[in-house]
Amino acid sequence: MAHKLMILPGDGIGPEVMAEVRKVLGWLESDGGLNFDTSEDLIGGAAIDAHGTSLSDETLEKCRGVDAILLGAVGGPKWTDVDYNIRPEAGLLKLRKELDLFANLRPAIVFDALVDASSLKPEIVKGLDILIVRELTGGVYFGEPRGIEDLGNGERRGVNTQVYTTSEIKRLGRVAFDLARKRSNKVTSCEKANVMESGMLWREEITALHKEEFSDVTLEHMYADNCAMQLLRDPSQFDVIATDNLFGDILSDEAAMLTGSLGMLPSASLGNPGAPGLYEPVHGSAPDIAGQGKANPLATILSLAMALRYSLDQGTIADQLEQAVQNILNDGTRTPDIMADGCREVSTSAMGDALIDALNKI
Ligand code: NAD
């Protein structure tokens, strides 16, 4: 049976890093025993240039029918002046919303070979493996009422509303507990129950869900501001962190920086069972290095590993792919963003080739 994939390379370095993903897909077909039915389409600025919109209805419909979507990155200086509603990022937001991708998974893993890339001391981040599960379609970024109103006399008022329902909290919690069972079996749920009613509800619903369905998993509650401090003080106390849209936005960026390298960070956005997952690197389109063969393709390749694990049920092959990444880093193969003394600097495409060699040796 062929796994259905949609590839959306996007803009800037997106097409460059996706070319390396295609090499890996080729290897998985020739040597890994997998079959893919792969389509490719436009998103972001490339789609604006071709269709006048950053995600066409046709592309969206095709995305609905696949098992997993692999995305590069969107945006760039060429499109900064386009209408706000059709800007490159709007296509990505529309894709997430239309597919109801409510759970954003952001792993923060420190590879041994890159332990010095972190701004924290090696002994604090060595072996780090955290997964942040952020609610992505609710909370203060979407709540109503919202807006800026004129109160007269030169005074204005800006309003956003933090709002969560039982079902929104529980479906996010279920994803976090399920994933914890496959990892170190611990969930830290973060909110501000001390000052926000929505945080109190979050804590009560997560506690109830834990009691009803996941009492075998260790659950800990933590205020989000304390979590921000603990991530710097003792990050290895965490396994899975479950949190809302706003706190997750901040905490996932903080955790990402523990690893020290943007070019290494994958992500996944998941919806209800059966819906396609969206897999993309955390970084953007990096216009400053686009077209120069300097982009690190590993974040996008590690996003493919997440797709194999979470949407295609190929956990063993995902493990192999991650092991191959670990091996080339141990060998000292580096793109410029992660270059260090005594290592060998390679281009985007040579990094892809090195990965294929490493896969052949596993
Ligand atoms: P960025 O992530 O594109 O780049 C930040 C810095 O990190 C740059 O110096 C870049 O060269 C470097 N970098 C990023 N990815 C790298 C990689 N794989 N290998 C080596 N170096 C890498 O963020 P930015 O510069 O703030 O944004 C550039 C554009 O990307 C903007 O248009 C922005 O809106 C867009 N963006 C898109 C996404 C997305 O598609 N999900 C996310 C963030 C930013």
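Helices and strands here are DSSP runs, numbered from the N terminus. With that in hand, let's explore two pockets of this predicted model.

**Exercise 1. Work out which elements line the second largest pocket, and where this pocket lies between domains.**

*Solution.* Start with the space itself: the second largest pocket has a volume of about 830 Å³. Its lining is made of 33 residues, and those nearest the centre are Glu89, Leu92, Leu93, Arg96 and Arg134.

Next, look at the elements. At least two lining residues come from each of β3 (68–73), α4 (88–98), β4, α9 (245–259) and β12. Of these, α4 provides the largest share, seven residues.

Then sort by class: 12 residues of this lining are nonpolar, 11 polar and 10 charged.

Finally, place the pocket. Residues of domain 1 (1–102 + 271–362) and of domain 2 (103–263) both take part in the lining, so the second largest pocket lies between the two domains.

**Exercise 2. Now do the same for the largest pocket: which element gives the most to its lining?**

*Solution.* The volume of the largest pocket is about 1,100 Å³. Around it stand 40 lining residues, with Leu179, Lys182, Leu270, Arg309 and Tyr310 nearest the centre.

Several elements supply at least two residues each, among them β5 (129–135), β11 (266–270), α10 (298–310) and α11 (315–330). The top contributor is α6, with five residues.

By class, the lining holds 22 nonpolar, seven polar and 11 charged residues.

For the last step, check the domains: domain 1 and domain 2 both give residues to this lining, so the largest pocket lies between them.

Methods
Residues are numbered from 1 along each chain as its sequence is written. This is a predicted model: local features need pLDDT of at least 70, side-chain atom pairs count only at pLDDT 80 or more; totals for chains, interfaces and linings use all residues. Side-chain values use heavy atoms; hydrogens and water are left out. On a 1 Å grid over the protein atoms alone, a cavity is a set of points where a 1.4 Å probe fits but cannot get out, and a pocket is an open set with protein on both sides within 12 Å along at least five of seven lines; lining residues have an atom within 4 Å of a point. Grid points are joined across faces, edges and corners, and a volume is the space filled by probe spheres set on the points. Helices (H or I, at least four residues) and strands (E, at least two) are DSSP runs, numbered from the N terminus. Ala, Val, Leu, Ile, Met, Phe, Trp, Tyr, Cys and Pro count as nonpolar, Asp, Glu, Lys and Arg as charged, and the others, Gly among them, as polar. Domain bounds come from an automatic or database domain assignment.
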